[in-house]
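Please walk through this two-chain model from one chain to the other, and then to the place where they touch.

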Amino acid sequence: MTRGAVLLGGLGVALAVLCLVAASVGQVNVPPDQVIGSILHRVGLDVGPRPTALRGDDALWVVRFPRVALAVVTGAALGCSGTVMQGVFGNPLAEPAVIGVSWGAAVGAATVIVFGLTVLGDWTIVAAAFGCGLGTTLLVYTVSRFAGRTEVVTLLLTGIAVNAVASALLGLLMFAAGNDALRAITAWNLGSLAGANWGAVATVTPLAAAGCAVAFGCARRLDLLSLGERTARHLGVDVERLRFTAIVVIALLTSSAVAFAGVIAFVGLVVPHLIRMVVGPGHRTLIPASALGGAVVLVAADLVARTAIAYQELPLGVLTALIGGPFFFWLLRRARSGSGGWA
Amino acid sequence: MIGLRVRRPITPRPVPPGSAAVEIRGLQVERGARTVLDGVDLTVRTGEVLALVGPNGAGKSTLLAAVGGDVAFTGGISVDGAPLATWGHTELAMRRAILLQRQTMSFPFTVAQVVRMGRAPWAGTPLEDDDDAAVAEAMRETDVSEFADRPHPRLSGGEQARVALARVLAQRTGTLLLDEPTAALDLHHQEMVFDVVRERASAGAAVVTVVHDLGLAAAHADRVAVLAEGRLVACGPPGDVLTAEMLSAVYRHDIEVLPHPRTGRPLILPRRAAPG
């Protein structure tokens with residue numbers, strides 16, 4: 001348990017440092033001490049230096065802080081939803097984008113953009129993403145399970161089918177879309193935090209926080225579930241209820257990540273896996289560590305995406321897929337040799 | 001599915017030896033169009049080891065699944081004096097532990113972590129204080145202490161079977177339902193399992209164990225229940241039940257039964273032609 005505490009502490013510190021760096025680096029450079037000074041002045045403490053750069057304060061509060069905040073929330077949601085998904089599927093290869101849940105949620109969000117729906121105000125896009133994400137999760141779950149377990153092959157094939165349908169629907173929506181909507185949907189496909197603002201942060205933060213909290217509450221039961229559904233039930237777990245809760249949590253976390261940032265693949269796969277290698281598979285440490293780790297990865301990736309090439313922005317989702325894709329390959333090979341073939 | 005359980009789980013109270021731990025009345029289980037169990041009546045009492053024997057497909061595992069609450073059934077099953085449906089999930093887990101035939105493990109938990117999962121039902125009760133002692137005792141009894149820190153997937157089949165048994169023992173329930181606890185084990189560990197099980201029974205537990213090795217059943221069980229084609233065909237002390245006629249009919253194989261020269265317990269062998 002001490003090892004877990006060290007990891008959580010380390011990730012927390014890493015996240016704080018990264019956030020500071022991410023806030024200070026960009027087209028307008030604001031040194032870290034001035035970033036801290038600006039925050040302290042905002043909360044009413046007259047300590048530290050104010051930003052000296054031209055429009056430095058605006059750059060921080062209008063552009064950079066909401067972007068870093070959205071990266072933290074999105075990364076945490078992705079890391080956490082990947083962990084819960086792997087726990088409830090009993091399969092370390094499950095991930096929202098791989099099995100199609102992210103794409104399902106993206107179809108919901110894109111529909112809202114293309115048809116300019118505003119039934120629920122700012123929440124419309126999240127609600128649509130959530131509805132479609134939930135539907136997709138339920139579909140994948142029911143289709144890929146057989147006799148109480150999820151087989152790797154069935155799970156991945158289901159993912160292929162779901163992704164095919166979802167990208168066809170996205171294609172149709174792009175076909176029907178006007179220019180502005182088309183640009184927005186393209187940004188989705190690639191995943192980006194460029195559109196971050198405080199409204200988006202305020203919309204997804206409570207959802208992601210609630211999802212992570214409920215997930216943490218399920219931690220002990222998810223541990224027991226790894227013994228199989230029957231044994232988990234024999235140990236007192238209400239498996240039906242756990243499954244239902246987990247699916248809602250997955251849809252909630254995935255859609256809150258997808259709603260404004262688009263599809264950012266493999267974070268939910270790579271992060272929990274690395275953390276399991278450090279502290280083992282116990283969910284009481286794994287869930288908070290994956291949330292923190294996801295946030296760290298996404299803040300770092302976004303920092304690279306917007307600073308690697310001057311005055312240009314790399315699509316974030318493309319960057320994570322470039323790193324995550326090969327990792328997925330390696331994981332597939334390992335899972336195969338571990339089980340002596342596909343099971 | 002949704003909604004909070006208001007009632008706090010009722011922890012079990014000690015019961016005198018010989019009282020009914022599990023009562024099965026007119027149990028019938030259908031799977032598709034097939035009747036897997038038909039009219040089974042069986043009472044398991046505290047302090048006894050009951051061996052459940054019978055040919056493949058006789059319904060032994062289904063009987064345990066029904067008592068475990070895993071399959072739909074008609075008829076009556078009572079655990080600790082009350083019908084199955086009146087207990088909550090945790091309350092049942094405080095009363096009976098179940099060892100399944102096959103073990104699965106999705107993630108590389110260590111052996112010690114797996115055994116500790118057996119303590120889950122007691123979380124939040126005063127008996128939670130016994131967790132460390134129960135885990136240590138169970139691991140010692142099943143001879144798995146030496147690989148406590150190894151990840152579960154790296155164990156051999158027999159070792160995994162013993163770890164699963166340790167998890168079941170750590171649950172410290174009044175009733176143990178074991179589906180072939182000795183199947184993957186070597187001779188030494190088979191005997192060890194029955195020593196442990198006997199010990200638990202003398203301490204007041206009720207034990208039901210499915211075994212294929214009739215010799216083990218004859219040597220260690222207080223009573224033997226024979227299932228064939230979904231029906232209970234005999235139940236009683238090994239010496240009365242395990243007869244050549246009965247077993248030959250049930251297993252559709254010529255079987256001979258001899259008394260052990262020293263203990264007098266039945267020895268069961270298929271009748272083989274003399275060599276040469």
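What follows starts with chain A, moves to chain B and ends at the contact between them.

The model is predicted. Begin with chain A and its record. An unreviewed UniProt entry lists "transmembrane region" for residues 65–85, 97–117, 123–143, 155–178, 198–222, 242–275, 287–305 and 314–332 of chain A. Two of these spans can be set against the coordinates. Residues 97–117 of chain A are 67% helix and 0% strand, and their end C-alpha atoms lie 25 Å apart. For residues 314–332 of chain A, the helix share is 89% and the strand share is 0%. The end C-alpha atoms of residues 314–332 lie 27 Å apart.

Now take a helix pair in chain A. Helix α1 (residues 2–24) and helix α3 (residues 56–89) of chain A have axes that come within 9 Å. These axes cross at roughly 145°. The crossing of α1(A) and α3(A) is right-handed. Which residues meet there? From α1(A) come A:Cys19, A:Ala22 and A:Ala23. They meet A:Leu60, A:Arg64, A:Phe65, A:Val68 and A:Val72 in α3(A). By class, the residues of this contact are seven nonpolar, no polar and one charged.

Turn to chain B. Here six strands form an open sheet, in the order β6-β7-β8-β3-β9-β10. The pairing is mixed. In general, strands of a sheet pair through backbone hydrogen bonds, either parallel or antiparallel. At the edges of the chain B sheet are β6 and β10 (231–236), each of which pairs on one side only. From one strand to the next, the twist averages 15°.

Look inside the sheet for one pairing. Strand β3 (residues 49–53) and strand β8 (residues 206–210) of chain B pair in the parallel sense, over four bridges. B:Leu50 stands opposite B:Val208 in β8(B).

A helix also lies across this sheet. Helix α1 (residues 60–67) of chain B lies across β3, β6, β7 (175–179), β8 and β9 (223–228) of chain B. Its direction is about 145° to β7(B).

Finally, bring the chains together. How many residues of each chain are in contact with the other? The count is 21 residues of chain B and 22 residues of chain A. On the side of chain B that touches chain A, α2 (89–93), β6 (96–99) and α3 (111–117) of chain B each supply at least two residues. The largest share, three residues, comes from α2(B). The residues on this side of chain B divide into 12 nonpolar, eight polar and one charged. Edge strand β6(B) thus links the two topics: β6(B) belongs to the sheet and supplies residues to the side that touches chain A.

Key
Residues numbered from 1 in each chain as written. Chains lettered and ligands numbered in written order. Predicted model: local features only at pLDDT ≥ 70, side-chain atom pairs only at ≥ 80, totals over all residues. Contact = placed C-beta atoms within 7 Å. Nonpolar A, V, L, I, M, F, W, Y, C, P; charged D, E, K, R; others polar. Pairing = 2+ DSSP bridges. Axes fitted to C-alpha atoms, helices over the stretch in contact; angles between N-to-C directions. UniProt positions renumbered as here; feature names shortened; annotations may be inferred. Left-handed = near helix turned anticlockwise from the far one by under 90°.
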